Amino acid sequence: MGKTTGFLEFEREPPERRPAGERTKDYREIYEAWSDDKSRVQAARCMNCALPFCHKGCPLGNLIPDWNDLVYRGRWQDALAALHATNNFPEFTGRICPAPCEASCVLSINEEPVTIEYIEKAIVDRGFDEGWMTPHPPEERTGKRIAVVGSGPAGLAAAVQLNRAGHLVTVFERDEYVGGLLTLGIPDFKLDKSVVERRVELMAAEGIEFRTNCNVGVDVAADDLLGEYDAVCLTGGSTIARRLNVPGEELEGVHLAVDYLTQQNRINRGLEVPPEERITAEGKRVMILGGGDTGADCLGTAHRQGAEMVVQWEILPEPPASRSKNNPWPLWPLILRSSAAHEEGGVRDYSILTKRLSGSNGRVERLHAARIEWGPPDETGRPTMTEIPGSEFELEASLVLLALGFLHPQHEGLLEQLGVELDGRGNVKTDVSKMTSVPGVFAAGDMARGQSLVVWAIAEGRQAAHGIDAYLMGATALPSVDLRSWA
């Protein structure tokens, strides 16, 4: 514990965000620079608890009190080593993780928690700035070859770990860029793509091979993959989006959030899109259906494109401002959250059921909806939903974005060719080692777990690497992640 009374002396003070009126004019990251002195003061608030619940709050089991203490003492390189001991990509989680560690911080019982996420980002960014992040290829190679299919955080984490064990790793990505949704799904104002690129370059320098524009199951058959590699790790993500399934969804101007966000990210990287294919909010009344992080990403993007008005609807009720009695610390707080995008404008509304869309000349012009109320759970344990009589209303919209989440991975192609068993939700079924029903084929991340957080994807990728190394070598020194503890 760096400063015994730090949590009494200092208030939580995260990095400042750029003014909303300034940041909505560009796609640069929203946070101002955070000085080393401020990082150290915030690290001093960590109490180094005898039972650090922040460890349990993080699926990676990050050594949070350790690197907080090291930052306070100015031992930044040691803090970087402690950070990387459990997390392959703290520059990603330090920017886009909702920080379950902070929710379980002991300080958050009655105070604001330690700024764990921002300290994490400060450590790794300083590591890159100071030149401490250098490639360390393995000294020996095992000769075993492993194919990782999908270059999102789960695939990248598995690749790093397996390469450290001395295996020859090839990462296949069907898109033109490495990084999965880190690169194409998450807006630049939350995660600048140079942050992903510098990590990928480091991985390549350590001996990991990347093959982009290669759709395994189409460009490469599953049998060929199994014949060429000693093990396969499936990390293709959960890619089948949930649809609205109401009349009018087929109208022009109704788009999946993932298509909207990936197009803008490609444009930011120089892609020229023909006007007839451009999905833009410029000058439009925008409706976002879905109140999660993806919906907020759409909101921030719409602001930057110059939307006339943005409304965001959620079918669920508005969360409370503070914890309810049946949601005590250290459980994840089910409370109302506002992102940086909500600071920039827009209107949110809750407990709304979209019943249909309508328009003219094939284009969407309005949404027809009704208010609903939520009742006690039914026999399956799910809350009951009842439409409020006479609550029907409509709202004009010229762009509708569906941010309703994802159902499961794509089954056609690779998964069907491999013949892997699926679970009841349509995800790839695995055992505790992350191996599927096909020997030598493993799966991790959203493809196996279902749609989840980046920190979960990294943890799953690390666990899959542990399982693959043990499968190939009979034993492994790679760390294991007990994913069942958070199931």
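**Reading the terms on this fold**

Author: Let's start with two strands: S11 (residues 363-377) and S12 (residues 383-387) pair in the antiparallel sense, over five bridges. This is a predicted model, in which local features need pLDDT of at least 70 and side-chain atom pairs 80 or more, while totals for chains, interfaces and linings use all residues. Residues are numbered from 1 along each chain as its sequence is written, and side-chain values use heavy atoms, leaving out hydrogens and water.

Reader: Why are S11 and S12 said to pair?

Author: Two strands pair if DSSP finds at least two bridges between them. S11 and S12 have five bridges, so they pass that test. One partnership to look for is Ile372 with Glu387 in S12. The two strands form a hairpin with five residues between them, and Gly381 in its turn has a positive phi of about 95 degrees.

Reader: What makes a stretch of this chain a helix or a strand?

Author: Both are DSSP runs numbered from the N terminus: H or I over at least four residues for a helix, E over at least two for a strand. The protein chain has 19 helices and 16 strands.

Reader: Why is the chain called as compact as a globular protein of its length?

Author: The radius of gyration, taken over C-alpha atoms, is set against the globule rule, 2.2 Å times the number of residues to the power 0.38. For 487 residues the rule gives 23 Å, and the chain's radius is 23 Å, so it is as compact as a globular protein of that length. Along its principal axes, the C-alpha trace spans about 70 × 60 × 50 Å.

Reader: What makes Ser351 buried and Asn361 exposed?

Author: Buried means under 20% relative accessible area, exposed over 50%, and partly exposed in between (1.4 Å probe, protein chains only). Ser351 has 14%, so it is buried. Asn361 has 80%, so it is exposed. You will find Ser351 in the loop between strand S9 (347-350) and strand S10 (352-360), and Asn361 in the loop between S10 and S11.

Reader: What is unusual about the backbone there?

Author: Most residues other than glycine have a negative phi, and most peptide bonds are trans. Ser351 has a positive phi near 55 degrees, and Asn361 has a positive phi of about 55 degrees. A cis peptide bond joins Trp329 and Pro330, with omega about 5 degrees. Pro330 sits in the loop between strand S8 (309-314) and helix H16 (340-343).

Reader: Why is Gly131 called partly exposed?

Author: Gly131 has a relative accessible area of 45%, so it falls in the partly exposed class. Its place is the loop between helix H9 (116-129) and S1.

Reader: How do you know what Pro187 touches?

Author: Contact means heavy atoms within 4.5 Å. Leaving aside neighbours within four places in sequence, Pro187 meets that test with Lys193, Leu261, Asn265, Asp297 and Thr301. Pro187 has 4% relative accessibility, so it counts as buried. Look for Pro187 in the loop between helix H11 (181-184) and helix H12 (193-205). Its C-alpha atom is 7.7 Å from that of Tyr27, 160 residues away along the chain.

Reader: How are contacts spread along the sequence?

Author: Among contacts with a separation of 6 or more, 67% are between residues 24 or more positions apart.

Reader: How do you know which strands S4 pairs with?

Author: Count the bridges again. Strand S1 (residues 145-149) and S4 pair in the parallel sense over four bridges, with Ile146 partnered by Ala231 in S4. Strand S16 (residues 441-443) is joined to S4 by three bridges, also running parallel, and Phe442 in S16 is the partner of Cys233.

Reader: Which way do the side chains of S4 point?

Author: In a regular strand the side chains alternate between the two faces of the sheet. In S4 (residues 231-234), Ala231 and Cys233 point one way and Val232 and Leu234 the other, and all are buried.

Reader: What makes S8 mostly covered?

Author: Five of the six residues of S8 are buried. S8 is joined to strand S7 (residues 285-289) by five bridges, and the two run parallel. Leu289 stands opposite Trp313 in S8. Over the whole chain, buried residues make up 50% of the 487.
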